[in-house]
Amino acid sequence: MMKILVATEKPFAPVAITLIREVLENGGHELVLLEKYKTTQELHDAVADADAMIVRSDIVDAALIGVAPKLKIVVRAGAGYDNLDLNACTDHNVVAMNTPGQNSNAVAELAFGMMLFSARGGFDGKTGSELMGKSLGLHAFGNVGKCMARIAAGLDMQIFAFDPFVENNFMRDAGVIPVETVEELYSRCQYVSLHIPANDKTRNSVGEKLLSLMPQGAVLVNTARKEVINESELLTVMVKRSDMKYLSDVSPDNAELFAEKFAGRYFFTPKKMGAQTEEANINAGVAAARQIVSFLATGDETYRVNKPK
Ligand code: 3PG
């Protein structure tokens with residue numbers, strides 16, 4: 001029997017834990033649960049005798065890997081794995097995986113929730129605007145981008161996408177107009193929604209150059225990562241352009257500045273909550289548990305994201 005640690009500072013819904021437990025126990029393993037931990041030490045203590053680990057946005061760095069001698073696999077129950085130190089995992093022969101696509105719909109629904117909320121002035125009773133007929137630019141067309149396109153089609157938006165890693169025909173089949181450059185996306189779209197991962201190429205990549213291209217009434221929607229935004233340039237553009245709004249799932253570094261200068265032109269969730277639905281918790285958590293059971297039983301490395309040693 002192996003010990004599988006589920007370590008989540010932001011817990012899964014209880015129903016997801018019940019199902020994760022079922023999968024792990026049916027696989028012959030023991031679930032150890034560490035939720036809402038307050039210190040890194042608690043996390044380090046819990047992982048000391050774990051054979052496998054499921055996390056969300058929890059930080060899995062070299063220090064953690066270093067105190068987990070039995071750890072064989074860590075699965076990020078979610079899409080973005082910028083919280084995992086992939087090199088440290090490789091160095092210690094730990095397999096790192098994610099669960100792509102499992103929480104995408106929840107993230108896309110939150111993006112539209114924020115867009116509708118903002119278009120209606122935060123439901124303040126005054127005259128707002130509609131999304132129908134407006135242009136929506138998807139900055140990347142992965143799993144969340146696809147869900148965005150499906151919902152946007154129902155709202156009768158004009159949908160554009162920029163993604164150099166996706167075939168144009170694939171986007172066209174999803175009712176999306178592919179654009180050839182990222183500049184074209186920002187120039188053509190009143191709403192731009194970010195769906196790029198945070199990595200060395202994308203960090204700080206959305207700044208003044210792109211944001212200045214957006215048409216009148218520009219709305220930037222960020223359910224990706226705050227790190228992909230160049231925040232000081234975003235602030236500069238918002239000062240220059242009183243028409244621009246920023247909607248984000250998680251507060252930026254300078255939240256007080258937004259409150260001070262841009263009343264009514266921003267919205268931030270109090271805590272990252274794009275994937276905070278029961279359905280997404282179940283989908284991602286159960287997928288992670290199944291991947292661990294399968295890896296421990298057969299060595300199945302589907303969805304591995306780090307290089308082998
Ligand atoms: C993801 O990358 O899957 C999302 O950002 C969800 O993150 P969370 O599990 O911390 O809610």
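**Close-up 1. A salt bridge joins Lys240 and Glu208**. In this predicted model, the side chains of Lys240 and Glu208 come together with an N to O distance of 2.6 Å. Look along the chain to place the two partners: Lys240 belongs to helix 10, which covers residues 231-240, and Glu208 belongs to helix 9, which covers residues 208-211. The two are 32 residues apart in sequence, so their salt bridge ties together separate parts of the chain. The partners also differ in how they meet the surroundings. Lys240 is exposed, with 60% relative accessibility, whereas Glu208 is partly exposed, at 25%.

**Close-up 2. Arg241 and Asp243 form a salt bridge**. Here, too, we are looking at two side chains, and the N to O distance is 2.6 Å. Are these partners buried or exposed? Arg241 has a relative accessible area of 13%, so Arg241 is buried. Asp243 has 18% relative accessibility, and because buried means under 20%, Asp243 counts as buried as well.

**Close-up 3. Arg304 pairs with Glu301 in a salt bridge**. In this view, the side chains of Arg304 and Glu301 meet at 3.0 Å, N to O. Turn your attention to the acidic partner for a moment: Glu301 is partly exposed, and its relative accessible area is 35%.

**Stepping back. The whole structure holds 11 salt bridges**. How many salt bridges does a search of the whole structure find? The count is 11. Among them are the pair Lys240 and Glu208, the pair Arg241 and Asp243, and the pair Arg304 and Glu301.

Methods
Residues numbered from 1 in each chain as written. Predicted model: local features only at pLDDT ≥ 70, side-chain atom pairs only at ≥ 80, totals over all residues. Heavy atoms only, no water. Salt bridge = Lys/Arg side-chain N within 4 Å of Asp/Glu carboxyl O. Helix = DSSP H or I, 4+ residues; strand = E, 2+ residues; numbered from the N terminus. Buried < 20%, exposed > 50% of the residue type's maximum accessible area, 1.4 Å probe, protein only.
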